[in-house]
Amino acid sequence: MNFHVLTLFPEMVESGLHTSILKRAMDRDLIHLSCINIRDYTENRHGRVDDYTYGGGAGMLMQAQPVFDACEAVQKSLPAPARVVYLTPQGALFTQEMAADFAKEEDLILLCGHYEGIDERALEAIHAEVVSVGDYVLTGGELPAMIVVDAVSRLVPGVLGNDESAETDSFQNGLLEYPQYSRPESWQGRDVPEVLLSGDHKKVSEWRLAQSLARTRERRPDLYEAYLEKMRQTPMTPAEKRRFARILRESEE
Ligand code: 9D3
C-alpha cells in the first residue's frame, strides 16, 4: 500500500514514520511512504501558500491553488484515482473501522492542513473525505496523518509478525485488554496474580474476561454499555448465561 502525504512539513512526517515496525514494512516493500511538500507547487513568486480569510477573523488559510495542484500531481502519477483524506478538527472521528476500510486501498492520499485550514474550494475540487483524530487542538494535520498511516499500515497483510497479529488484538471484541505480566514472579513486593501461575487455562481466560470487563466499565463506560447490549442480543444456552453472569459478578468484586 502506498501513502502519499501532502504537507508543509514533509520531514516531520518522514522522520516520525521511518522507525520500528513501519521501517521494516517499508524495507520489505509492504508499504511505501511518499511525502510531498505543498510549497513546491505554489505559483507565488515568494513561495507563499497562505493568505488572509475573506470575511475577516484571525489567522491565515492555505490557498486553494498549491493544495489542489499538489494533489493533482499525485493523482496523475497513479494508475487510478485515489481517495483523499483531509485531516481536520472538523472531520469525523477516526475509528478502527475506518482504518480497516482505508487498508483496502492500493493508494491513499493524506492532506495535512496548517494555519487555520484550507480554502474550502480546494477541498471540494479534490473530493476530500474529512477525518479528525480526537477532540483536542493540535497545531496541524501532520501528527494526525502519522496516526492514520500507523493504524492503517498494521492492517496491511504481512506488516505485523505472527506474534502481533492484528486479528487477536483486544480492541476487536469491544472490551479493553486485561492486565498482563512477565518475569519475575515478584517485583518490588508486587506478585503476579496467582491464577496466572495455576496452569488452569479455563480459570485464566475467565479471570482475564473479568479483568477486561472491570477495566472497561471503569475507564470506558461507553464501550462497556455497548458490549453488554451486544451480549444481551447474543443467543446463549442457560449454562452459558450462568457462566457469563458469574464472570460479570466476579468483575464487580
Ligand atoms: C480558531 C479555530 N481553530 C479551532 C480551535 C482552528 C484550528 C485549525 C487547525 C485548530 C487546530 C488546527 C490544527 N489541527 C489539525 O489540523 C488537526 C486536528 C486537531 O487539531 N485535532 C484532532 N484531529 C485533527 S486532524 C487535523
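This report describes the ligand site, the largest pocket and two backbone features of a predicted model.

## Basis of the model

In this predicted model, local features need pLDDT of at least 70 and side-chain atom pairs count only at pLDDT 80 or more, while totals for chains, interfaces and linings use all residues. Residues are numbered from 1 along each chain as its sequence is written, and side-chain values use heavy atoms, with hydrogens and water left out.

## The ligand and its shell

The ligand is surrounded by 16 residues, a residue being counted if one of its heavy atoms lies within 4 Å of the ligand. Glu116, Val133, Gly134, Tyr136 and Leu138 are the closest. By class, the shell holds nine nonpolar, six polar and one charged residue; Ala, Val, Leu, Ile, Met, Phe, Trp, Tyr, Cys and Pro count as nonpolar, Asp, Glu, Lys and Arg as charged, and the others, Gly among them, as polar. Strand 5 (83-93) and strand 7 (129-132) each supply at least two residues of this shell, and the largest share, three residues, comes from strand 5. Strands (E, at least two residues) and helices (H or I, at least four residues) are DSSP runs, numbered from the N terminus.

Polar backbone atoms lie at short listed distances from the ligand: one of Val133 is 3.1 Å from a ligand nitrogen atom, one of Leu138 is 2.8 Å from a ligand oxygen atom, and one of Gly141 is 3.3 Å from a ligand oxygen atom. On its own the ligand has 570 Å² of accessible area, of which the protein covers 75%; such areas come from the Shrake-Rupley method with a 1.4 Å probe.

## The largest pocket

The ligand takes up the space of the largest pocket, meaning that more than half of its atoms lie within 2 Å of the pocket's grid points. A pocket is an open set of points on a 1 Å grid over the protein atoms alone, where a 1.4 Å probe fits, with protein on both sides within 12 Å along at least five of seven lines; lining residues have an atom within 4 Å of a point. The pocket contains about 540 Å³ of space, the volume being that filled by probe spheres set on the points.

Its lining comprises 25 residues, with Tyr86, Leu87, Thr88, Pro89 and Gln90 nearest the centre. These 25 divide into 13 nonpolar, ten polar and two charged. Strand 5, helix 5 (120-126) and strand 7 each supply at least two lining residues, and strand 5 gives the most, with five.

## Backbone features

Arg183 and Pro184 are joined by a cis peptide bond, with omega about 5°. Pro184 belongs to the loop between helix 6 (142-153) and strand 8 (186-187).

Asp29 is not a glycine, yet has a positive phi of about 60°. Asp29 lies in the loop between helix 2 (20-27) and strand 2 (32-37).

Note on methods: Polar contact = N/O pair within 3.5 Å; in protein donor to acceptor, adjacent residues only side chain to side chain.
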